[in-house]
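This report describes a single protein chain, taking its overall fold before its charged and nonpolar surface features. Please keep the sequence and the three-dimensional view at hand while reading.

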Amino acid sequence: MFDNLSIRKWHMDFVGQKHAEYLFRTIITTCGFVGFILGYVKEQFSITIGLTLIGFFVSALLTIPPWPIYARNPLKWQKVKKIKKIENNLTYDEYKEDKKKEKKKTK
């Protein structure tokens, strides 16, 4: 049933998050400012609240779903480093210290 969905379509990268947050703030601020001015001129607070809510819903519709425009810069992950088998059940830090000691001995 969900075989056609790929993970690429359902995520947002860091640059996309930045753009979505900027768009969200810009829309809400603009609608709030325009709503405040119109509400002040008409002397009705409901206009201010109505335009702010409209701005919220429009910005939520544009920014909450992970639209493909927010996934244009995927992360480039580093390749996994292969580590030799850790001997004597040492922790990773102890293993690294032993490696440093071996390098000092060889120098």
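At 61% relative accessibility, Arg72 counts as exposed, because the cut-off for that class is over 50%. Arg72 belongs to the loop that runs between α2 (45–63) and α3 (92–106), and its C-alpha atom is 7.3 Å from that of Gly16, although 56 residues separate Arg72 and Gly16 in sequence. These values, like those that follow, are computed from a predicted model.

**Overall fold**

The protein chain contains three helices and zero strands, and from the N terminus on its elements follow the order α-α-α. Of its 107 residues, 13% count as buried.

In the loop between α1 and α2 sits Glu43, whose phi is near 60°, a positive value in a residue other than glycine. At 72% relative accessibility, Glu43 counts as exposed.

**Annotated spans**

An unreviewed UniProt entry lists residues 22–41 and residues 47–71 under "transmembrane region". The table sets out what the model shows for each of these spans.

| Span | Helix content | Strand content | Distance between end C-alpha atoms |
|---|---|---|---|
| Residues 22–41 | 100% helix | 0% strand | 28 Å |
| Residues 47–71 | 68% helix | 0% strand | 36 Å |

The annotation itself comes from the UniProt record, whereas the helix content of residues 22–41, at 100%, and of residues 47–71, at 68%, is computed from the model.

**The salt bridge**

Side chains of opposite charge can pair when their charged atoms come close. A search of the whole structure finds one salt bridge, and this is formed by Arg25 with Glu21, with the closest N and O atoms 2.8 Å apart. Arg25 and Glu21 are four residues apart in helix α1 (residues 14–42), and therefore about one helical turn separates them. Glu21 counts as partly exposed, because its relative accessibility is 44%.

**Charged and nonpolar surface patches**

Which residues form the negative surface patch? Asp93, Glu94, Glu97, Asp98 and Glu102 make up this patch. Glu97, one of its members, lies in helix α3 and is partly exposed, with a relative accessible area of 47%.

Positive charge also gathers on the surface, in a patch made of Lys81, Lys96, Lys99, Lys100, Lys101, Lys103, Lys104 and Lys105. Lys101, one of these residues, is found in helix α3, the helix in which Glu97 of the negative patch also lies.

A nonpolar patch on the surface is formed by Phe33, Val34, Phe36, Ile37, Leu38, Tyr40 and Val41, which together have about 740 Å² of accessible area. Phe33, one of the members of this patch, is found in helix α1 and counts as exposed because its relative accessibility is 56%.

**Summary by helix**

Taken together, helix α1 holds the salt-bridge partners Arg25 and Glu21 as well as Phe33, a member of the nonpolar patch. Helix α3 holds Glu97, from the negative patch, and Lys101, from the positive patch. Outside the helices, Glu43 is found in the loop between α1 and α2, and Arg72 in the loop between α2 and α3.

Conventions
Residues numbered from 1 in each chain as written. Predicted model: local features only at pLDDT ≥ 70, side-chain atom pairs only at ≥ 80, totals over all residues. Heavy atoms only, no water. Salt bridge = Lys/Arg side-chain N within 4 Å of Asp/Glu carboxyl O. Helix = DSSP H or I, 4+ residues; strand = E, 2+ residues; numbered from the N terminus. Buried < 20%, exposed > 50% of the residue type's maximum accessible area, 1.4 Å probe, protein only. Patch = residues over 30% accessible without salt bridge, like charges linked within 9 Å, V, L, I, M, F, W, Y side chains within 5 Å. Areas by Shrake-Rupley, 256 points an atom, 1.4 Å probe, with all protein chains shown as cover. Lys, Arg positive; Asp, Glu negative; His and termini not counted. Charge placed at Lys NZ, Arg CZ, Asp CG, Glu CD. UniProt positions renumbered as here; feature names shortened; annotations may be inferred.
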